[in-house]
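The following exercises guide a reader through a structure step by step. Please study the sequence and the model shown here before attempting the tasks.

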Amino acid sequence: FQGAGGPIMKSLLETLGCNVIGLNLETTGVFAHTPEPIPENLGQLCEAVKEHKADFGVAVDPDVDRCVLIDETGNPLGEEYTLALAVKYYLSTSGKVGPVCKNLSSSRVCDDIAREYGCEPVNTPVGEIHVAKKMVEIGAVIGGEGNGGVMLPDVHIGRDALVAATLIVQFLATFDGTISQLKNTLPQYEIVKLKAPIGNMQPDLILEDFKNKWSSKEGVTLNDTDGLRIDTPEFWVHMRKSNTEPVIRVIGEHQTLELAKETCERFMEEIKNWKSS
């Protein structure tokens, strides 16, 4: 844990019956490492899981709205699977049917799970506020973002790592296996996130050209509410201009990491070679 999340997450997990080995629980605001809970910052936690032969590890960010899990072998599950596991458990146990909301840059694993339970998956522009507003508007039963943020209206409408941990620990407690085996019961996808430098090129024109190119392709769905997301049966790619640097963010997902990289790099190359018509 890091920051304010340390003491309360420890208390919650102990209340749920876990034997907790805490790391970096101090609330001084001085972090032991870069606090964003992404794989490159979780080495200490991954090693501790292996050293103590723990069933799983939990990492949260300083304001406790993102929750990332480490499996029993000391490998991160992938932040996209926090929301996926929470959605699966909630829909399979609550009996509720309704929209499931996430942002456009999040994995389609949640779309697959939503449809499995007769729920409509709904994508929104990136950002917690956009997901929250859409959830209220359409009466979503659960939602979140693929960065480890789970949003459960039964509790409140914001991202909450404590909610995420509670749902997933309950899920694991009812599952006859390890957390990595539990993850493997879900559809498996890999996401790649890259940045395409565009120099002085106009990002809106680039995205408009991509939209025109892909709009007539069979089996393709486009969403231009936040940049451009291209969905095909095999993969999706989401391209967004940055407001702070001359790049287009290219986020893509496929069934394997190699295919996801190849897909994103293909779009990166097209952006690099783009010329205004």
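**Exercise 1: The four-stranded sheet**

An open sheet of four strands follows the order 4-3-5-6, and its pairing is mixed. The model is a predicted one, in which local features need pLDDT of at least 70 and side-chain atom pairs count only at pLDDT 80 or more, while totals for chains, interfaces and linings use all residues. Residues are numbered from 1 along each chain as its sequence is written, and side-chain values use heavy atoms, with hydrogens and water left out.

Task: identify the edge strands of this sheet, then describe the pairing of strand 5 with strand 6.

Solution. Step 1 concerns the terms: strands (E, at least two residues) and helices (H or I, at least four) are DSSP runs numbered from the N terminus, and two strands pair if DSSP finds at least two bridges between them.

Step 2: strand 4 (121-124) and strand 6 (149-151) are the edge strands, each pairing on one side only. From one strand to the next, the twist averages 20 degrees; angles run from 0 to 180 degrees between N-to-C directions, and axes are lines fitted to C-alpha atoms, for helices over the stretch in contact.

Step 3: strand 5 (residues 142-145) pairs with strand 6 in the antiparallel sense over three bridges. Glu145 stands opposite Gly149 in strand 6.

Step 4: helix 4 (residues 109-116) lies across strand 3 (100-103) and strand 4, and runs at about 150 degrees to strand 4.

**Exercise 2: The five-stranded sheet**

Task: state in which order the five strands of the open sheet are arranged, and which helix lies across strand 8, strand 9, strand 10 and strand 11.

Solution. Step 1: the order is 7-11-10-9-8, with antiparallel pairing. The edge strands, each pairing on one side only, are strand 7 and strand 8 (221-223).

Step 2: strand 7 and strand 11 form an antiparallel pair over eight bridges. Within strand 11, Gly252 is the residue opposite Val192.

Step 3: helix 8 (residues 203-214) lies across strand 8, strand 9 (228-231), strand 10 (236-241) and strand 11, at about 155 degrees to strand 10.

**Exercise 3: Two helices in contact**

Task: describe how helix 3 packs against helix 6.

Solution. Step 1: helix 3 and helix 6 (residues 161-173) pack at an angle of about 65 degrees, and their axes are 9 Å apart.

Step 2: the crossing is left-handed, a term for a near helix turned anticlockwise from the far one by less than a right angle.

Step 3: in contact (heavy atoms within 4.5 Å), Thr82, Leu85, Ala86, Lys88, Tyr89 and Tyr90 in helix 3 meet Ala164, Leu167, Ile168, Gln170 and Phe171 in helix 6. These residues divide into eight nonpolar, two polar and one charged. Here Ala, Val, Leu, Ile, Met, Phe, Trp, Tyr, Cys and Pro count as nonpolar, Asp, Glu, Lys and Arg as charged, and the others, Gly among them, as polar.

Step 4: Leu12, in helix 1 (residues 5-15), is in contact with Leu162, Ala165 and Thr166, leaving aside its neighbours within four places in sequence.

**Exercise 4: The largest pocket**

Task: determine which element gives the largest share of the lining of the largest pocket.

Solution. Step 1: a pocket is an open set of points on a 1 Å grid over the protein atoms alone, where a 1.4 Å probe fits, with protein on both sides within 12 Å along at least five of seven lines; lining residues have an atom within 4 Å of a point.

Step 2: the lining of the largest pocket holds 35 residues, of which Glu79, Glu80, Gly146, Ile191 and Lys193 lie nearest its centre. Helix 3 (80-94), strand 7 (190-197), strand 11 (247-254) and helix 9 (257-272) are the elements that give two or more residues to this lining.

Step 3: strand 7 provides the largest share, six residues. The lining comprises 13 nonpolar, seven polar and 15 charged residues.
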